[in-house]
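This report introduces a structure to a reader who has not met it before. The sequence and the structure are shown first, and the description follows.

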Amino acid sequence: MNDQVGRVLVVDDDETVRDVVRRYLEVAGFTVDMAGDGAEGLAKFAAHEPDLVVLDVMMPGITGLEVCKRLRQISQVPIVMLTALGEEENRIAGLQLGADDYVTKPFSPRELALRVASVLRRVRMPRPAPVAAELVDGDLCLQMTARTATLAGRELPLTTREFDLLAFFLAHPGAAYSRADLLEKVWGWDFGDQSTVTVHVRRLREKIERDPAKPVRVATVWGVGYRYDRESQ
């Protein structure tokens with residue numbers, strides 16, 4: 001696991017959760033820093049510059065969502081959010097703010113450690129050369145080098161993962177992919193919560209479809225997954 005070793009900051013107000021997560025991450029070879037609230041987490045991030053942050057959503061004072069927002073203003077460090085079962089709005093908000101993944105409580109510490117390793121492995125992989133400098137479908141345009149997206153001339157506020165997902169769709173129009181396929185090809189994971197893909201597709205539709213409830217570009221293929229249909233032929 002030498003290629004997966006790194007420094008992880010765990011921010012959670014539950015001491016028991018912090019301790020259990022720390023032990024599993026250390027067994028996996030990671031150096032672990034811990035913080036009991038958002039303010040301490042931001043301070044330790046500034047002091048140690050971790051390779052990844054595990055961040056609880058619901059904390060007193062500065063919430064995990066606010067910490068995520070502040071970190072994204074200064075860094076692209078990978079962030080894995082911890083959310084309670086049923087907190088779909090918080091999961092969506094975290095992903096929208098730029099979190100890379102989420103794990104739902106109660107969770108398996110071993111699975112979390114594997115997820116952390118998987119996220120870091122993907123981040124450290126050399127980014128492949130874009131298939132084209134520009135991907136265009138009608139009034140939708142992606143500039144791959146600048147990593148910007150516009151719709152009808154208006155810049156779209158896409159997260160890093162939303163951009164990667166849209167670029168993959170645009171580069172492979174007409175082909176149906178399962179959520180597992182997309183998790184592997186866009187996220188670079190061979191396992192994980194496939195609802196992450198569902199959330200990202202929904203957020204993407206809200207940004208590129210005229211009517212997200214009746215998507216034209218990102219179509220659902222029942223029993224399979226999703227397919228990108230070009231508006232322009």
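## The hairpin of strand 6 and strand 7

In this predicted model, strand 6 pairs with strand 7 (residues 140-143) through four bridges, in the antiparallel sense. Across this pairing, cysteine 141 in strand 7 is the bridge partner of valine 136. Two residues lie between the strands of the hairpin, in which glycine 138 adopts a positive phi near 60 degrees.

In a regular strand, side chains alternate between the two faces of the sheet. Strand 6 (residues 134-137) shows such an alternation: Leu135 and Asp137 point to one face and are buried, whereas Glu134 and Val136 point to the other face and are not buried.

## The antiparallel sheet

The hairpin belongs to an open sheet of four strands, arranged in the order 6-7-8-9 with antiparallel pairing. Strand 6 and strand 9 (154-155) are at the edges; each has a single partner strand, so one side of each is left without a neighbour in the sheet. Strand 8 (residues 148-151) and strand 9 run antiparallel and are joined by two bridges. Here threonine 150 stands opposite glutamate 155 of strand 9. Helix 6 packs on this sheet and touches strand 6, strand 7 and strand 8, its direction making about 110 degrees with that of strand 7.

## Helix 6 and helix 8

Helix 6 (residues 160-171) also packs with helix 8 (residues 195-208), at an angle of about 80 degrees and with the axes 10 Å apart. Because roughly perpendicular covers angles of 65 to 115 degrees, helix 6 is roughly perpendicular to helix 8. Helix 6 contributes Arg161, Glu162, Leu165, Leu166 and Phe169 to the contact, and helix 8 contributes His200, Val201, Arg203, Leu204, Lys207 and Ile208. Of the residues in this contact, six are nonpolar, one is polar and four are charged.

## The parallel sheet

Another open sheet consists of five strands in the order 2-1-3-4-5, with parallel pairing. Its edge strands are strand 2 (31-35) and strand 5 (101-105), each of which pairs on one side only. On average, and with direction ignored, neighbouring strands of this sheet are turned by 20 degrees against each other.

Strand 4 (residues 79-84) and strand 5 run parallel and are joined by five bridges. Valine 80 is placed opposite aspartate 101 of strand 5. Helix 1 (residues 15-27) lies across strand 1 (7-11) and strand 2, and runs at about 170 degrees to strand 2.

## Valine 11 and aspartate 56

Valine 11 is located in strand 1. With a relative accessible area of 1%, valine 11 is buried, because buried means under 20%. Beyond residues up to four places away in sequence, valine 11 touches Ala35, Asp37, Gly38, Gly41, Val53, Val54, Leu55, Asp56 and Met59. From C-alpha to C-alpha, valine 11 and phenylalanine 45 are 10.0 Å apart in space, and they are 34 residues apart in sequence.

Aspartate 56, one of the residues touched by valine 11, is part of strand 3 (residues 52-56). Aspartate 56 counts as buried, at 5% relative accessibility. Leaving aside neighbours within four places in sequence, aspartate 56 is in contact with Val11, Asp12, Asp13, Gly64, Leu82 and Lys105. An unreviewed UniProt entry carries the annotation "modified residue: 4-aspartylphosphate", which covers Asp56.

Terms used. Residues numbered from 1 in each chain as written. Predicted model: local features only at pLDDT ≥ 70, side-chain atom pairs only at ≥ 80, totals over all residues. Heavy atoms only, no water. UniProt positions renumbered as here; feature names shortened; annotations may be inferred. Buried < 20%, exposed > 50% of the residue type's maximum accessible area, 1.4 Å probe, protein only. Contact = heavy atoms within 4.5 Å. Pairing = 2+ DSSP bridges. Axes fitted to C-alpha atoms, helices over the stretch in contact; angles between N-to-C directions. Parallel < 35°, antiparallel > 145°, perpendicular 65-115°, else oblique. Nonpolar A, V, L, I, M, F, W, Y, C, P; charged D, E, K, R; others polar.
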